[in-house]
Every structure is written in C-alpha cells, then in structure tokens.
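Thank you all for making time this morning. I would like to walk through one model with you, going from single positions to helix packing and back again.

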Amino acid sequence: MNTESKNDQQNARLALKLVAMAVVIFLITLWKFRPI
Amino acid sequence: MAHDMTHDSAHAGHDAHYHYGGIRHWLQTTNHKDIGIMYLIFGITMLLVGGAMILGVRAELFVPGLQLMQPEFFNQLITLHGLIMVFGFAMPVATGLANYMLPMVIGAPDMALPRLNNWGFWILPPAAVMLTLPFFLGLANIGPGAVDTGWTMYAPLSLQSGWGMDFAIFAVHMLGVSSILGSINVIVTIVNMRAPGMTFMKMPLFAHGFLVTAILLISIMPVFAGGVTMVLMDRHFDTHFFNAAGGGDPVLWQHIFWFMGHPEVYVLLLPITGAIPHVLSAFSRKETYGYKAQVYSMWTIGALAFVVWAHHMFTSGMSVNAQMYFMYSTMLISLPLAVLFFCWIATVWRGSLSFETPMLFALGFIILFGWGGLTGLVLADAAADPQYHNAYFMVAHFHYALYPTTVMGSMAAIYYWLPKWTGHMLDEKLGRIHFWIVMLGVNLTFIPQFLVGLSGMPRRIPDYPLMFAEWNKLSTIGAFILGLSHLLFIYIVLKCIREGKKSENRSWEGATGLEWTVPSPAPYHTFETQPKID
C-alpha cells in the first residue's frame with residue numbers, strides 16, 4: 001500500500017470516529033430527555 | 001519558521017490552464033479554494049438577505065406606532081435575521097476562511113476529505129431555501145409565513161407556531177449536518193495533514209482557533225439536532241418533551257438550546273481570535289506576543305464554553321446556588337479573553353505600525369468587541385441581570401460582541417488574504433472609507449440601543465413609547481449606514497479582482513507564514529510537496 005492511500009485510510013478512520021461521536025451525542029440527547 | 005519554497009513550475013502550467021467555467025465545475029469541485037470561495041460568496045449573500053430583513057425591522061422602529069407591518073410579520077423578520085446571520089452568514093464565512101486558508105497555513109495539499117467538503121457546502125443552499133421559503137410564500141399570501149419564535153425557538157411558542165417552524169427544524173438539521181461535516185474535515189486536516197515538523201505548539205494560531213471551533217461544533221450541533229427533533233415530535237407525534245400540559249418541561253428546551261447557543265458564540269469568536277493575531281503581527285512588523293498564552297487561552301475558552309450556558313436563563317427561575325455557579329463560571333471566561341486582549345495589545349505595542357485596511361478592521365474589532373465583552377460582564381451578574389434581561393441593552397451587548405467579531409473580524413481576515421486569493425491589492429483609500437463607515441454605523445446603531453435598553457425598552461417589539469423615539473431614529477439611521485457599507489465592501493472586492501495593482505508573493509511587508517511563500521494568486525494546488533518546518 002502506498003503512502004497516499006495509507007494517509008487516506010488514516011483520514012477516513014478519524015472521520016468515521018468523529019461521525020460516530022456526533023451520532024452518539026445525538027442519540028444520548030434523545031434518550032436522556034425521553035418522556036417517562 | 002518556514003522555508004521559502006518555490007512553486008513547482010510544471011504544476012503552475014496546469015494551474016494556468018485550469019478552466020473555471022460552468023456550473024458543473026462548481027457543483028463537482030473538490031478543491032479547497034473553490035469550496036472556500038463558494039462558502040464566502042454564500043455567506044456574504046446571506047449577510048445581505050439577513051441584513052435586508054433587519055433593515056425592514058429598523059424601518060418599522062424608526063418612529064413609534066405600526067407603520068409598515070403587522071407584529072406577526074415583524075416577528076418573522078427578527079427570527080429569520082437571527083437564524084440567517086448565525087447559521088447562514090457567520091458560520092459559512094468562517095468555514096470559507098478555513099477551507100481556503102487552513103491547508104495553506106499548515107502546509108497541506110488540500111483538505112483531508114475533499115468530497116465530504118463538497119457535500120458539506122452543497123447542503124447549505126437547500127437549507128437556506130428551506131428556512132426562507134415559508135417567508136416568501138407568506139409574502140404571496142400562501143401559508144402562515146416563516147418561523148416567528150425568535151431565533152431561540154422557545155417552547156411553548158415553538159409548539160404553537162405555524163408550519164414555518166417545521167421548515168426551520170429541517171433547515172436546522174441540514175445546517176447542523178453541514179457544520180458537522182465541515183468540522184470533521186477541519187479536525188482531520190489539522191490532526192493528520194500538517195507539514196512535517198509542525199507540532200501542535202508550532203501551528204499557526206489560525207489553525208488553533210479553527211480546531212477548537214470544530215471540536216465545539218461537533219459536540220454541540222448533535223445536541224441541538226436532538227432538541228429540534230424533540231420539538232418536531234412534540235408538534236406532530238404527540239410526545240410531551242416540552243409541553244407542560246402533558247408533563248413536559250418548557251425550560252428543558254432552554255437548557256438544550258443554550259447548551260448549543262452559548263458555545264455557538266465561541267464558534268463565531270474563536271476563528272477570528274485565531275486570524276486577528278496574524279493581521280496584528282503583519283502590520284506591527286513584530287512576532288505575535290505570547291503565542292503559548294494565546295493557544296492556552298483559546299483552548300480554555302473552548303472548555304469553559306460548555307459549562308456556562310444557563311447564564312442566559314437567570315430569569316427562568318433557577319435556584320440561587322445554580323445562579324451563583326453560572327454567574328462565576330461565566331465571569332471566569334473573561335480571564336482567558338483578557339489574556340487574548342493583552343497579547344493582542346502587546347503585539348501592537350512598540351511595533352512599527354502601519355494602518356492598512358486589514359489592520360484598521362483588526363483594531364476596530366478589538367475596541368468594539370471589548371465593549372461587547374465588558375457589557376457581557378454586567379449581564380453575567382445574576383443579581384443585575386433581571387434589569388437588563390429581554391431589554392434592548394442585551395440586544396446592544398450581543399451585537400457589540402457579534403458584529404465586530406463576525407463582520408469586522410471576517411473583513412480584517414478577508415482584506416488581509418484577498419491579495420493572496422486574487423493576486424491583486426485592494427484599493428486602500430476605499431478600504432479605509434469602508435472602515436470608517438462601519439465604525440460610524442456600528443456605534444450609531446447600537447449605542448442608542450444600550451440607552452433605550454437601560455431606560456426599559458424591551459426587545460422584540462414593533463412599537464414603543466414616545467420617550468424612546470429619538471434614540472430609535474438614530475439607531476435606524478446607523479443600521480442603514482451599516483447596510484450600505486456592506487455594498488461598498490462588495491464593490492471593493494470586485495474592484496480588487498478586476499483592476500487591483502498586481503500583488504507580490506508576500507503582499508504585506510510584515511506578513512509571515514507559509515501562505516506568503518507561494519505566488520499570488522495562490523496556485524490551484526498549493527503544496528504538491530509539503531514544506532518542512534524547522
């Protein structure tokens with residue numbers, strides 16, 4: 001694997017982690033304040 | 001810090017033959033400069049739209065009584081003005097600056113995720129249409145008009161408002177997705193693509209400002225998206241998150257909103273606190289004073305931004321202990337902000353100063369934002385706050401905080417880097433005229449608002465007692481002067497592009513940084529080989 005695609009993979013991995021973080025924060029907000 | 005580098009000549013040939021024509025190019029482009037330009041054009045367009053709306057409001061407030069519009073329409077105008085200026089103008093302009101300049105100041109070839117970058121931008125125009133469509137339909141007597149709750153969208157008003165509110169909810173979702181995508185790109189670019197040798201503590205302050213901003217955005221926008229989703233569910237799916245009649249809590253909305261809304265203030269401020277030191281240092285011909293102190297201050301402001309939100313809610317009935325906590329934590333923010341101010345002043349102190357347009361706007365930002373900050377301390381006092389809350393004093397305060405930041409700060413940055421973008425110098429004489437018109441306009445618009453606010457004039461009303469008439473007249477005249485200044489700004493930029501004097505690589509004598517080592521205008525692909533940092 002060349003350096004460029006290695007870098008791309010590294011970027012994609014970090015981006016996916018950040019997307020996951022945003023989705024988790026969104027879901028926690030809905031769950032935390034759900035009407036009981 | 002940086003080695004001078006010559007742009008690769010073969011690459012320059014490629015740049016020279018690059019075709020900019022056609023809508024397809026702009027729809028499909030993944031180049032950070034193209035996307036930066038689109039963000040900037042979109043942001044300035046929305047500044048004019050949001051500005052036109054508030055000029056309608058100021059025209060109505062020129063004299064007491066109802067002359068031009070009904071209160072319902074007035075409410076739509078102030079709501080759209082707020083939402084458009086924050087989400088349509090200030091954030092896109094900052095993202096435009098980040099897109100254009102971030103790869104250049106950290107020595108990266110482009111943003112890390114170019115396709116995501118394109119997508120992030122192209123979500124914005126449909127979101128703007130979604131937000132404003134009910135307004136224009138309302139003008140044609142179709143539907144109830146746009147969202148009219150104020151940009152804070154407080155419950156229960158947001159549960160009772162017409163379907164303009166639903167459009168606003170979806171627009172907010174789209175704007176949020178766009179912000180999150182932009183933030184992901186900024187974080188990944190800075191973390192993974194800095195030039196070799198550029199450690200975090202060697203990174204330009206511009207990049208630090210945007211990194212903190214991106215982390216804030218990615219943390220707060222999902223919470224806001226959750227909040228508006230709850231409003232949507234309350235409106236259409238019989239849930240009762242915020243409906244007191246069903247056991248919900250309207251104050252919960254205020255907490256969710258301000259958990260986003262207060263850090264949002266720093267989202268608007270921090271990119272500018274990152275850009276301003278570059279301008280001050282260039283026109284003082286001195287290195288930035290207190291680099292480390294400024295970095296730590298920005299990160300401290302970012303951290304404190306999460307824990308002070310309820311100072312917006314002192315009048316909503318919270319316990320004294322909670323009031324004390326939010327009062328002191330809010331006041332604590334003035335410490336890192338003061339550090340930034342003193343570093344900026346120390347940068348200028350005993351420098352070899354010259355007052356070109358970017359420098360004027362940077363200094364104007366510091367002075368006027370200082371007023372915004374100091375009046376914020378008054379509002380942060382939980383005991384004094386009920387006097388000012390919901391009064392025009394508060395409107396004047398946050399406009400003194402936000403106008404110098406988002407407009408004057410952005411203009412300082414735009415004028416500073418404009419020669420690098422266009423390859424031409426701007427018309428200094430017109431730039432200076434622009435600056436003084438803005439200074440006159442800001443103060444004439446907002447000083448009277450402090451005074452009528454202290455005398456008890458509430459915000460968000462289309463009519464007022466006769467005793468406030470003179471100050472409101474002056475405020476309206478100031479607002480129209482400000483509106484005209486934005487048209488002058490556009491003329492200056494167009495004139496610079498068409499007939500400005502040719503710029504050298506280093507457009508300003510004292511400018512330092514990687515971006516000034518490449519030709520002006522910067523090549524389509526800036527750094528094919530990453531520069532090495534000592």
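Let me begin with a question of placement: where is B:Pro521 found? B:Pro521 lies in the segment after helix 18 of chain B, and the peptide bond that joins B:Ser520 to B:Pro521 is cis, with omega about -5 degrees. I should say at once that this is a predicted model, and I would ask you to keep that in mind throughout.

There is another cis bond to look at, from B:Ala155 to B:Pro156, with omega near 5 degrees, and B:Pro156 sits in the loop between helix 6 (124-139) and helix 7 (157-160) of chain B. In the loop between helix 6 and helix 7 of chain B we also find B:Met153, which has a positive phi of about 50 degrees although it is not a glycine. As background, most residues other than glycine have a negative phi, and most peptide bonds are trans. B:Met153 counts as buried because 24 C-beta neighbours lie inside 10 Å, where the cut-off for buried is 20 or more.

A positive phi in a residue other than glycine also appears at B:Asn390, near 65 degrees, in the loop between helix 15 (385-388) and helix 16 of chain B. Is B:Asn390 buried, exposed or somewhere in between? With 13 other C-beta atoms within 10 Å, B:Asn390 is partly exposed.

That loop leads us to helix 16 (residues 392-422) of chain B, which has a kink of about 40 degrees at B:Tyr416, shortly before the proline B:Pro419. Of the 31 residues of helix 16 of chain B, 27 are buried, so this helix is largely enclosed by the rest of the structure. Just after helix 16 of chain B comes B:Gly423, with a positive phi of about 80 degrees.

B:Gly423 has a partner from farther along the chain, B:Lys502, which is 79 residues away in sequence, while the two C-alpha atoms are separated by 6.0 Å. B:Lys502 belongs to the segment after helix 18 (469-499) of chain B, and, leaving aside residues up to four places away in sequence, B:Lys502 touches B:Gly423 and B:His424. B:Lys502 counts as exposed because it has 9 C-beta neighbours inside 10 Å.

It is worth setting B:Arg194 beside that lysine. B:Arg194 is in the loop between helix 8 (164-192) and helix 9 (205-236) of chain B, and it counts as buried because 20 other C-beta atoms lie within 10 Å. B:Arg194 touches B:Ile106, B:Gly107, B:Ala108 and B:Met203, again not counting residues up to four places away in sequence; with B:Gly107, the separation is 87 residues in sequence and 6.1 Å from C-alpha to C-alpha.

Now to the packing of helices. The axes of helix 3 (residues 32-60) of chain B and helix 18 of chain B come within 10 Å and cross at roughly 160 degrees, and these helices are therefore roughly antiparallel to each other. Their contact divides into nine nonpolar residues, five polar and one charged.

Helix 14 (residues 357-380) of chain B lets us look at two packings in turn. With helix 13 (residues 334-348) of chain B, the axes come within 12 Å and cross at roughly 160 degrees, so the pair is roughly antiparallel. The contact involves, among others, B:Phe341 and B:Trp344 of helix 13 and B:Gly370 and B:Gly373 of helix 14, and by class it has five nonpolar, three polar and no charged residues.

With helix 10 (residues 250-284) of chain B, helix 14 packs at an angle of about 125 degrees, the axes being 9 Å apart, which makes the pair oblique. Here B:Ile276, B:Val279, B:Leu280 and B:Phe283 in helix 10 meet B:Pro358, B:Met359, B:Ala362 and B:Phe365 in helix 14, and the contact has eight nonpolar, no polar and no charged residues.

Finally, what does the secondary structure of chain A come to? Chain A comes to one helix and zero strands, and of its 36 residues 11% count as buried. In chain A, 15 residues are in contact with 23 residues of chain B, and the side of chain A that touches chain B has 11 nonpolar, four polar and no charged residues.

Definitions and conventions
Residues numbered from 1 in each chain as written. Chains lettered and ligands numbered in written order. Predicted model: local features only at pLDDT ≥ 70, side-chain atom pairs only at ≥ 80, totals over all residues. Helix = DSSP H or I, 4+ residues; strand = E, 2+ residues; numbered from the N terminus. Buried ≥ 20, exposed ≤ 12 C-beta atoms within 10 Å, placed from the backbone. Contact = placed C-beta atoms within 7 Å. Nonpolar A, V, L, I, M, F, W, Y, C, P; charged D, E, K, R; others polar. Axes fitted to C-alpha atoms, helices over the stretch in contact; angles between N-to-C directions. Parallel < 35°, antiparallel > 145°, perpendicular 65-115°, else oblique. Bend = angle between axes of the 7 residues up to and from the residue.
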